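User: Please take a close look at the aromatic side chains here, and then place them beside the other local features that deserve attention in a model of this kind.

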Amino acid sequence: MSNLTDLTIARAQAGLAQGDFSARELTDAYATAVEAGRELNSFVAETLDAARDQADASDRRLKDGEAGLLEGVPLAIKDLFCTKGVHSAACSHILNGFKPPYESSVTANLWQAGAVMLGKANMDEFAMGSSNMTSYYGAVVNPWRREGDSRPLVPGGSSGGSAAAVAAHMAVAATGTDTGGSIRQPAAFCGVVGMKPTYGRCSRWGIIAFASSLDQAGPITRTVEDSAIMLRAMSGYDAKDSTSVNTPVPNYAAALGGGVKGLRVGVPAEYRLDNMPAEIEVLWQKGIDWFRDGGAEIVDISLPHTKYALPTYYIVAPAEASSNLARYDGIRFGLREPGADLRETYCKSRAEGFGAEVRQRILIGTYVLSAGYYDAYYLKAQRVRARIAEDFSKAYEKVDVILTPTAPSAAFAAGEKMDDPIAMYLNDVFTVPASLAGLPAISVPAGLDDGGLPLGLQLIGKPFDEETVLRAGGFMEDAANFMAQPQWLTEGAAS
Amino acid sequence: MSGIIHGETGDFEMVIGLEVHAQVASRAKLFSGAPTEFGAEPNTQVSLVDAGMPGMLPVINKVCVEQAVRTGLALNSKINLRSIFDRKNYFYPDLPCGYQISQYLNPVVGEGEIEIDLADGSSRTIGIERLHLEIDAGKSVHDIRPDATHVDLNRSGIALMEIVSKPDMFTPEEAGAYVRKIRAIVRYVGSCDGNMDQGSLRCDVNVSVRRAGEPLGTRCEIKNVNSVRFVMRAIEYEAARQVEVIEDGGTIDQETRLFDSARGETRSMRSKEEAHDYRYFPDPDLLPLEFEQSWVDELAASLPELPDARKARFMADFGLKPYDAGVLVGDQDFAGFFEAVADGRDGKLAANWVTGELFGALNKVGKSITESPVTAAQVGTLIDRVSDGTLSVRLAKEVFEFMFESGRDADDLIEEKGLKQVTDSGAIEAVIDQVMTDNPEKVEEYRAGRDKLMGWFVGQVMKASQGKANPAAVNKALSEKLKG
């Protein structure tokens with residue numbers, strides 16, 4: 001029997017079903033891995049005792065033949081999800097000590113399916129970032145290293161702790177949230193699979209809001225099959241979220257396999273950036289070849305408003321965030337820095353509680369909504385957003401799925417790009433358009449860059465056509481045959 | 001109360017627009033399931049949504065939308081099948097999310113108009129600009145501790161309808177009549193209890209002044225005025241203040257003011273420079289509010305009889321004047337009581353008894369119509385006794401006083417106190433004969449041409465009959481007998 005922490009969800013479930021090991025043994029193995037991996041800083045709160053109790057309960061259900069969709073599967077939960085009585089701070093100091101008296105709908109679905117929570121995963125503060133450097137709890141270390149270079153790398157963000165935990169086998173899988181690429185980009189940086197479903201597929205109830213019209217939960221897993229299994233358990237209509245969509249949840253795993261013959265795969269011209277690293281270009285071409293060789297039809301398409309996606313995103317998301325984050329006033333929960341009067345209490349609490357990136361986005365958001373600037377920025381951005389969505393719907397008259405790189409580079413070193421917010425924001429250039437259009441998209445590890453770091457390819461689908469995205473993703477996963485492992489696993493924690 | 005202010009440099013007219021905030025009658029809040037009962041212990045009617053907890057989301061309460069649409073229909077206003085909820089952003093401790101969910105550019109109800117009735121018998125049409133739904137904030141309590149403010153979130157999230165008028169009113173009386181009309185409409189519809197003393201209905205009053213024929217002047221907004229009387233007093237004070245400022249060579253600054261009811265004056269709260277930039281934008285947690293015309297039609301079909309229709313009916317069926325009918329229908333309980341009294345009787349007579357004797361007596365003891373010690377049926381019987389000649393009006397008023405004190409029926413009291421009017425001509429003639437026999441000199445004087453003595457004779461006869469003689473019969477018999 002291989003190491004228990006090397007098993008995928010699908011394999012672990014098979015093992016549990018056959019009685020090869022117990023849920024408790026599986027959780028214990030992960031508990032050991034979590035404790036051994038603390039230097040990666042993937043978790044901001046460990047809930048290992050509770051996890052063991054959950055695992056024991058899973059064992060009883062397994063014995064009684066009442067196993068759920070994720071019975072006994074140990075997960076890392078992004079700190080953005082409210083989990084009852086457990087640290088839920090969006091990795092911000094402003095939510096210092098906050099333990100909500102309620103459970104988010106997505107995590108409630110997961111526990112209902114029998115999953116086990118190992119702890120809360122580190123992330124960029126309020127999900128604002130692409131490197132996990134903005135967390136109040138410190139940076140996460142990517143379990144991958146560049147060949148011949150011992151400098152620690154970022155795991156991407158904002159779901160960096162989730163992606164690193166899955167890559168380092170400290171969790172079978174993890175929840176993430178994606179606002180502009182926060183699931184897909186860290187998945188690509190850590191060599192794992194990240195899926196952002198259609199906006200409205202997973203309930204946002206109980207997920208601490210960043211940008212409400214963009215935020216969407218999704219799974220970070222080691223395989224596309226696991227992604228399908230976990231997405232099914234996370235998804236579903238929720239009357240408590242007005243933007244949740246009431247459409248049945250299919251058995252996504254059943255959509256896998258069957259090849260891509262006749263599948264129309266779009267390749268958008270506008271995603272070819274001028275100064276894109278050659279290795280990204282090469283990988284993208286490889287992806288195109290795999291699909292062509294598999295019998296898919298490659299269609300050159302145009303998404304003409306792509307170049308406006310990033311600036312549009314950096315108006316819409318901060319605008320919503322500036323309002324969403326107004327509730328953190330030091331009065332009812334979290335951090336309070338008392339001042340001489342109310343105004344000073346507000347100012348001190350918020351100045352102390354929010355990090356630099358969050359403050360910057362609140363300022364940008366406040367500015368673009370202000371009288372005199374609203375039309376020029378926010379309103380215009382909304383119009384452009386509609387054009388971007390239109391680009392996609394036109395393209396989907398000709399294609400079933402769109403293939404692009406996930407990110408314009410592999411993981412970078414901690415500290416790089418920190419002094420240039422625009423360079424940092426460029427990380428999201430390929431992921432943001434699908435977010436603005438609310439479309440399902442997956443990042444699948446597809447190859448390595450020259451330094452031996454993982455690179456991902458992205459597939460973007462039609463609204464609520466997660467099945468095609470997963471089927472194509474599964475095909476690409478097989479074609480890429482990505483077998484590389486992070487140094488953390490191959491060389492051990494001490495390397 | 002005139003709308004013209006005679007300044008030292010000439011006449012000014014006032015222009016008034018009103019924003020009425022009416023709390024929607026609904027058991028649950030606009031975006032949460034928390035209850036809305038008045039007077040509960042602080043912070044006992046607060047859901048996670050109302051408290052602005054992280055990750056909580058609003059979900060629209062259909063009942064509140066229904067009430068807004070029904071009200072919009074009753075205001076003869078355009079119903080918008082698609083409207084948008086926006087966030088109005090500002091910091092305040094009793095606003096947990098840091099924004100109020102409201103409707104800005106696309107309200108659920110658009111333009112319309114209502115009629116108001118004035119005491120001089122005239123009517124005016126006042127334009128409605130819009131009605132939108134929004135949430136109420138919590139309440140800051142400053143007087144528990146000197147060094148701290150307490151916040152009660154029970155009101156946080158309660159649905160309000162903001163009904164905005166056009167600047168169509170020119171006197172405090174019109175503004176008062178408008179508020180009373182709005183209150184009557186929401187009460188008839190059942191969309192708001194209209195209780196101004198509990199804050200279920202409150203007004204923001206916009207006032208400006210101008211010389212006749214000039215364009216609109218700069219307005220000041222007086223916030224949160226909570227009675228019709230205060231609305232009128234606030235307008236009067238504010239308009240006079242503005243005229244004084246202008247005549248002293250100053251200009252009116254657009255600002256928000258508050259009304260100090262104890263001192264009867266308005267005071268500046270914040271200037272335009274201090275005004276918030278609310279940064280309105282569509283609430284991304286909520287989808288646009290959309291419904292079908294067929295649903296609106298269903299609601300329209302199920303509306304009860306509204307004040308205007310009832311007023312028209314009262315005028316047609318009971319011959320009431322517009323203002324009287326307007327006053328009567330202004331309160332559903334009054335109108336219902338009146339209608340029960342008037343049923344099968346002379347409408348004017350019924351109106352006189354209800355608005356005269358009954359309201360007067362109720363006012364004297366500070367009771368409302370629902371607490372009236374006499375029922376509509378009892379008042380009706382009393383009127384019947386006047387109509388059938390059992391009682392004179394004077395006697396009937398006496399009987400009414402006994403009824404109001406005891407709650408007993410008119411017939412019992414008439415019997416017990418022997419207050420029955422004497423119409424028997426024989427009995428009356430006997431009294432007249434006695435009076436004439438006792439006062440032969442007066443008879444002579446009358447017969448010599450002093451017609452005025454007739455009144456004296458009537459008085460003597462009435463006195464002798466202890467007021468029970470039928471005055472008409474007395475008059476008739478006297479004039480015959482005195483002729484000789």
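Analyst: A:Tyr136 is partly exposed in this predicted model, with a relative accessible area of 44%, and A:Tyr137 likewise counts as partly exposed, at 26% relative accessibility. The rings of A:Tyr136 and A:Tyr137 form an edge-to-face aromatic pair, with 5.3 Å from centre to centre and 85° between the planes. A:Tyr313 and A:Tyr314 also make an edge-to-face pair, for which the centres are 4.9 Å apart and the planes meet at 85°. Here, however, A:Tyr313 is buried at a relative accessible area of 3%, and A:Tyr314 is buried as well, at 10%.

Over all chains the count of aromatic pairs comes to 34. Beyond the pairs described above, A:Phe98, A:Phe126, A:Tyr328, A:Phe333 and A:Phe354 form one aromatic cluster.

Aromatic rings also meet charged groups in both chains. In chain A, the charged end of A:Arg272 sits over the ring of A:Trp284, at 4.5 Å from the ring centre. In chain B, the ring of B:Tyr99 has the charged end of B:Arg87 over it, 4.1 Å from its centre.

Another charged residue, B:Lys29, belongs to the loop that runs between strand 2 (11-23) and helix 1 (62-74) of chain B. With 0% relative accessibility, B:Lys29 counts as buried, and its side chain reaches the backbone oxygen of B:Gln45 at 2.6 Å.

The cysteines can be treated briefly. There are 0 disulfides over all chains, and A:Cys190 illustrates the point, because its sulfur is 15 Å from the closest cysteine sulfur, that of A:Cys91, which is too far for a bond. A:Cys190 is buried, with a relative accessible area of 1%. A:Cys347 is in no disulfide either, and the nearest cysteine sulfur to it, in B:Cys97, is 20 Å away. Unlike the buried A:Cys190, A:Cys347 is partly exposed, at a relative accessible area of 44%.

B:Cys97 appears again in the internal voids. Searching the whole structure gives 6 cavities of 30 Å³ or more, and the largest cavity has a volume of about 200 Å³. Its lining is made up of 19 residues, and those lying nearest the centre of this largest cavity are B:Val49, B:Asp50, B:Cys97, B:Ile101 and B:Ile135.

Some backbone geometry remains to be described. A:Gly157 and A:Ser158 are joined by a cis peptide bond, with omega at about 10°, and A:Ser158 is located in the loop between strand 3 (116-121) and helix 5 (160-167) of chain A. In chain B, B:Asn224 has a positive phi of about 55° although it is not a glycine; B:Asn224 lies in strand 12 (residues 220-225) and, at 48% relative accessibility, counts as partly exposed. B:Arg279, which is also a residue other than glycine, has a positive phi near 50°. B:Arg279 is found in the loop between strand 14 (265-271) and strand 15 (281-282) of chain B, where it is buried, with a relative accessible area of 15%.

Note on methods: Residues are numbered from 1 along each chain as its sequence is written. Chains are lettered from A and ligands numbered from 1 in the order in which they are written. This is a predicted model: local features need pLDDT of at least 70, side-chain atom pairs count only at pLDDT 80 or more; totals for chains, interfaces and linings use all residues. Side-chain values use heavy atoms; hydrogens and water are left out. A disulfide is a pair of cysteine sulfur atoms within 2.5 Å. Buried means under 20% relative accessible area, exposed over 50%, partly exposed in between (1.4 Å probe, protein chains only). Helices (H or I, at least four residues) and strands (E, at least two) are DSSP runs, numbered from the N terminus. A polar contact is a pair of N or O atoms within 3.5 Å; within protein, one must be able to donate a hydrogen and the other to accept it, and residues adjacent in sequence count only if both atoms are side-chain atoms. Rings of Phe, Tyr and Trp (its six-membered ring) pair if their centres lie within 6.5 Å; planes under 30 degrees apart count as stacked, over 60 as edge-to-face and the rest as tilted. A charge sits over a ring if NZ of Lys or CZ of Arg is within 6 Å of the ring centre and within 35 degrees of the ring normal. On a 1 Å grid over the protein atoms alone, a cavity is a set of points where a 1.4 Å probe fits but cannot get out, and a pocket is an open set with protein on both sides within 12 Å along at least five of seven lines; lining residues have an atom within 4 Å of a point. Grid points are joined across faces, edges and corners, and a volume is the space filled by probe spheres set on the points.
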